[in-house]
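Here are a few notes to read alongside the model. Please keep the 3D view open and find each part as you go.

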Amino acid sequence: MRRPRPSRWVPGNHFTLLENGEAFFPRVFEAIAQARREVILETFILFDDKIGRGLHAALLQAARNGAEVHVLVDGFGSPDLPEDFIGELVNAGVRFRIFDPGRRLFGQRLNVLRRMHRKIVVVDGEIGFIGGINYSADHVADYGPEAKQDYSVEVRGPIVAHMLGFARDAVMPPRTRRRRQGANTVPPLPHAGTADAIFVTRDNHNHTNDIERHYRVALRAARERVVIANAYFFPGYRFIREMRRAARRGVDVRLILQGQPDMPIVRTAASMLYDHLLRAGVRIYEYCDRPLHGKVALVDGEWSTVGSSNLDPLSLSLNLEANVVIRDKDFNATLHERLDHLMQHSCRQVEATPPSRWDGLRLLRSYFLFHVMRWFPSWAGWLPRHEPEISLVGAQDGPASDPTHRPSAT
């Protein structure tokens with residue numbers, strides 16, 4: 001049974017924005033390598049490249065320190081890890097699990113739907129990391145033109161306890177959790193700052209639209225500005241409606257999307273919404289330096305969110321996601337400064353299409369798309385809702401643990 005996530009603001013937190021792999025990887029690797037009690041890490045992608053090997057070394061060091069280390073990777077996002085890569089971790093005592101390993105048919109992976117897309121780290125129950133950055137070399141600039149622009153946050157304060165309770169439930173079989181002293185009750189942490197926060201997740205049972213709902217509530221309350229930077233943008237009808245309403249009541253609504261996407265269909269899908277948004281007063285910017293992979297937003301002078309959730313049907317209706325929602329003036333100002341820098345120096349602003357004889361066709365297309373988006377969440381419920389196995393690699397837990405377990409909220 002999942003612990004209920006808090007719906008009220010948790011005070012006393014501190015958030016540090018980490019932009020791109022250059023800021024993120026050194027901090028998370030250092031924190032893991034210094035762990036003394038426990039490391040829990042979830043990620044969609046882990047590759048055997050220089051970044052994956054950096055994480056590998058940090059996890060081994062944590063295990064040598066005596067920390068209990070749990071790693072959960074997605075079977076679709078991390079399909080080809082070498083046996084020696086995993087074997088070294090397993091032999092060091094790391095509990096390495098794969099979410100829905102899946103089978104291949106004629107070389108094709110079939111485990112596409114309902115992915116474990118979260119990126120969470122909790123170290124010693126005191127420091128957390130959450131955002132959109134995977135463990136792969138394409139998150140650092142020296143990868144080249146295809147290096148991704150992305151964001152994560154370092155978290156300290158009481159909200160880390162909520163992240164820890166959730167992460168333990170996600171990666172540990174019930175018998176393992178029961179065996180741990182105090183695993184069922186995470187003690188509260190002292191205040192580390194002045195930020196209020198809510199840890200928000202999306203699953204396919206009890207929290208199917210929590211992340212989208214927080215976005216829509218913030219849009220509805222917006223009075224001055226909204227900036228959304230998201231890699232994959234094709235949200236639902238109600239989300240678009242709230243954006244248009246905010247712009248029409250005079251809110252400065254800005255949207256940063258991919259101008260050089262890693263998948264061409266991404267820009268095609270988003271651009272089909274451009275006319276509808278532009279005519280309501282939404283300003284659209286396409287980031288053109290390299291692929292945008294971020295999933296961040298801010299509203300007015302306090303509200304912000306950072307996490308793994310895109311604003312497309314996969315993230316909003318199918319995948320397992322996690323965001324943190326932050327209420328803090330300083331963090332909001334920092335994020336706004338970085339996104340404004342992006343818009344000023346690395347984006348081109350999309351102009352509204354002049355009226356033409358094709359307006360009727362565009363309106364008809366928009367009408368069709370809006371109704372597809374309006375009903376997609378209910379249609380998604382008809383798609384396979386299997387209970388993916390979380391498979392433990394090796395047998396470190398001994399006879400008291402389950403070799404596999406099925407998550408209760410997938």
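The points below start with the whole protein and then turn to a strand, a helix and some charged pairs.

1. First, a reminder: this is a predicted model. The protein has 12 helices and 19 strands. Of its 410 residues, 58% count as buried. About 17300 Å² is exposed, and carbon and sulfur atoms supply 54% of that area.

2. Next, the contacts. Among those in the protein with a separation of 6 or more, 81% are between residues 24 or more positions apart.

3. Now find strand 10, residues 195-202. Is it enclosed or open? All 8 of its 8 residues are buried, so the strand is largely enclosed by the rest of the structure. In a regular strand, side chains alternate between the two faces of the sheet. Both faces are covered here: Ala 195, Ala 197, Phe 199 and Thr 201 are buried on one side, and Asp 196, Ile 198, Val 200 and Arg 202 are buried on the other.

4. Which strands pair with strand 10? Strand 1 (residues 10-19) does so in the antiparallel sense, over 2 bridges; Val 10 has Ala 197 of strand 10 as its bridge partner. Strand 16 (residues 321-327) also runs antiparallel to strand 10, and 7 bridges join the two. There, Arg 202 has Glu 321 as its bridge partner.

5. Helix 6 covers residues 210-221 and has 12 residues. From first C-alpha to last it reaches 17 Å, close to the 16 Å expected at 1.5 Å a residue. Its buried residues are Asp 210, Ile 211, Glu 212, His 214, Tyr 215, Arg 216, Ala 218 and Leu 219.

6. Let's turn to charges. Side chains of opposite charge can pair when their charged atoms come close. The whole structure holds 21 salt bridges. Arg 53 forms one with Asp 48, the closest N and O atoms being 2.8 Å apart, and another with Asp 84, at 4.0 Å. Asp 84 lies in helix 3 (residues 83-91) and Arg 53 in helix 2 (residues 50-64), so this pair ties together parts that are 31 residues apart in sequence. Relative accessibility is 36% for Asp 48 and 28% for Arg 53, while Asp 84 has a relative accessible area of 45%; each counts as partly exposed.

7. Finally, look at Glu 154 and Arg 156, whose side chains meet in a salt bridge (3.3 Å, N to O). Glu 154 is buried, with a relative accessible area of 8%, whereas Arg 156 is partly exposed at 35%. Both belong to a network of salt bridges that also links Arg 27 and Glu 30.

Technical notes: Residues numbered from 1 in each chain as written. Predicted model: local features only at pLDDT ≥ 70, side-chain atom pairs only at ≥ 80, totals over all residues. Heavy atoms only, no water. Buried < 20%, exposed > 50% of the residue type's maximum accessible area, 1.4 Å probe, protein only. Helix = DSSP H or I, 4+ residues; strand = E, 2+ residues; numbered from the N terminus. Pairing = 2+ DSSP bridges. Contact = heavy atoms within 4.5 Å. Areas by Shrake-Rupley, 256 points an atom, 1.4 Å probe, with all protein chains shown as cover. Expected span 1.5 Å × (residues − 1).
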